[in-house]
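Let's take a friendly walk through this protein model. Have the sequence and the 3D view ready, and follow along at your own pace.

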Amino acid sequence: MEVTMALFVAKRLLMALATVLVVAVLAFLLVHAMPGSPGAVSLGAGASQDAINQLNQQLGWNDPLFTQFFRWLWDALQGNLGNSLIDGRSVSADLANRLPVTASLAAGATILSAILGIALGVTAAVRGGLLDQAIGGFVGLLVALPAFWVGVLFVYLFAVQSSLFPATGYVPFDVSPQDWAMSLALPVITLAVGGAAFIARQTRASMLEALQQEHIRTLRATATTTWKILYVHALRYASLPIVAGIALQFIGLFGGSVIAEQLFAMPGLGQAVQSSVSTHDAPAVQGVVVIATVVVVAVNLVLELATKFLDPKLRAS
């Protein structure tokens, strides 16, 4: 069993590394396919062609692609993703400051959506009847609401009208934990609305299936307490698709938080992507893509390990 698990983990790690490497190659090639050159981007439209060519030569832009990629890869493995062509700042340092913002948004929204979604889904599946229909209608409404519209509504209600939360901006945790939580409140709730609806639907369907299983009927016949049947046996049986849905929710929020970051002026990775693409800042684009890929691959790896642990059939295979 232990040897099998070790081999499984080793294979998944190799696949994860291969995925990151493939994405790094594709990002490198796409960056080189962008119009212009580092010299032209860095020096601006008023620079002479001789100055642009000289800077390109200094940056190694004219070297073979093979040489450029492995030079970048060697630097990246040492934590150096290059410097911005716009302001000369270290891309690694900039992304290190932005990553906690996006991670906080995605993690906070995922946790909140999981709590609300599981509570609504379990309630709908267990109670049934009119309550199930009411929850289904409410969840359908949440799915239909655009995230941008929800964010604007929350800003108006809770920032402009009542001043409960700040409308925009981000406060680092090390500066003030309380202000950090307050600055995240509105964007996290905005992102959690649609996610909670998705998880609620998944939870309801999984719980309904779990409650029809033979071992659940046997537990009921043996007078096992209702809470134990629901929240220990049935919920664990239903946990695989729920856990997968929560993980996908985090991945989607991590990679798709651009709207929330723009609306609430959060200096995260989404804002960095938009800025670097619009300015053709090649090192920044490449750095963001690789960092985001590493996070997504890591979450997928954790999901696979959790799935193997939760499913007895997979654990025994």
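The chain has an average pLDDT of 84, and 96% of the residues score at least 70; pLDDT is the predictor's confidence in each residue, from 0 to 100. This is a predicted model, in which local features need pLDDT of at least 70 and side-chain atom pairs count only at pLDDT 80 or more, while totals for chains, interfaces and linings use all residues. Residues are numbered from 1 along each chain as its sequence is written, and side-chain values use heavy atoms, with hydrogens and water left out.

Confidence in the chain is highest in helix α5 (residues 91-127), at a mean of 90, and lowest in helix α15 (residues 312-316), at 52. Helices here are DSSP runs of H or I with at least four residues, numbered from the N terminus. Where pLDDT is low, the predicted coordinates should not be read in detail.

**Salt bridges**

Six salt bridges turn up in a search of the whole structure. The term stands for a side-chain nitrogen of Lys or Arg within 4 Å of a carboxyl oxygen of Asp or Glu. Here are three of them:

| Pair | N to O distance |
|---|---|
| R89 and D87 | 2.9 Å |
| D94 and R89 | 3.9 Å |
| D94 and R98 | 3.2 Å |

D94 and R98 sit about one helical turn from each other, because they are four residues apart in helix α5. Through shared partners, salt bridges join D87, R89, D94 and R98 into one network. Are the members of this network buried or exposed? R98 counts as buried, at 15% relative accessibility, whereas R89 is partly exposed at 45% and D87 is partly exposed at 43%. Buried means under 20% relative accessible area, exposed over 50%, and partly exposed in between, using a 1.4 Å probe and protein chains only.

A charged residue to look up elsewhere is K308, which belongs to helix α14. K308 is buried, with 8% relative accessibility. Its C-alpha atom is 9.4 Å from that of L240, although the two are 68 residues apart along the chain.

**Aromatic rings**

How many aromatic pairs does a search of the whole structure find? There are seven. Rings of Phe, Tyr and Trp (its six-membered ring) pair if their centres lie within 6.5 Å; planes under 30 degrees apart count as stacked, over 60 as edge-to-face and the rest as tilted. F154 and F158 make a tilted pair, with 5.7 Å between centres and 55 degrees between planes. These two are four residues apart in helix α7 (residues 147-161), so about one helical turn separates them. F154 is buried at 15%, while F158 is partly exposed at 31%. One aromatic cluster brings together F28, F66, F69, F70 and W72.

**The largest pocket**

W72 also appears in the largest pocket, being one of the lining residues closest to its centre, along with L59, R71, G82 and P283. This pocket holds about 500 Å³ of space. On a 1 Å grid over the protein atoms alone, a pocket is an open set of points with protein on both sides within 12 Å along at least five of seven lines, and lining residues have an atom within 4 Å of a point. Its volume is the space filled by probe spheres set on the points, which are joined across faces, edges and corners. Helix α4 gives the most to the lining, with four residues.

Conventions: 1 Å grid on protein atoms, 1.4 Å probe; cavity = no way out; pocket = protein on both sides within 12 Å on 5 of 7 lines; lining within 4 Å.
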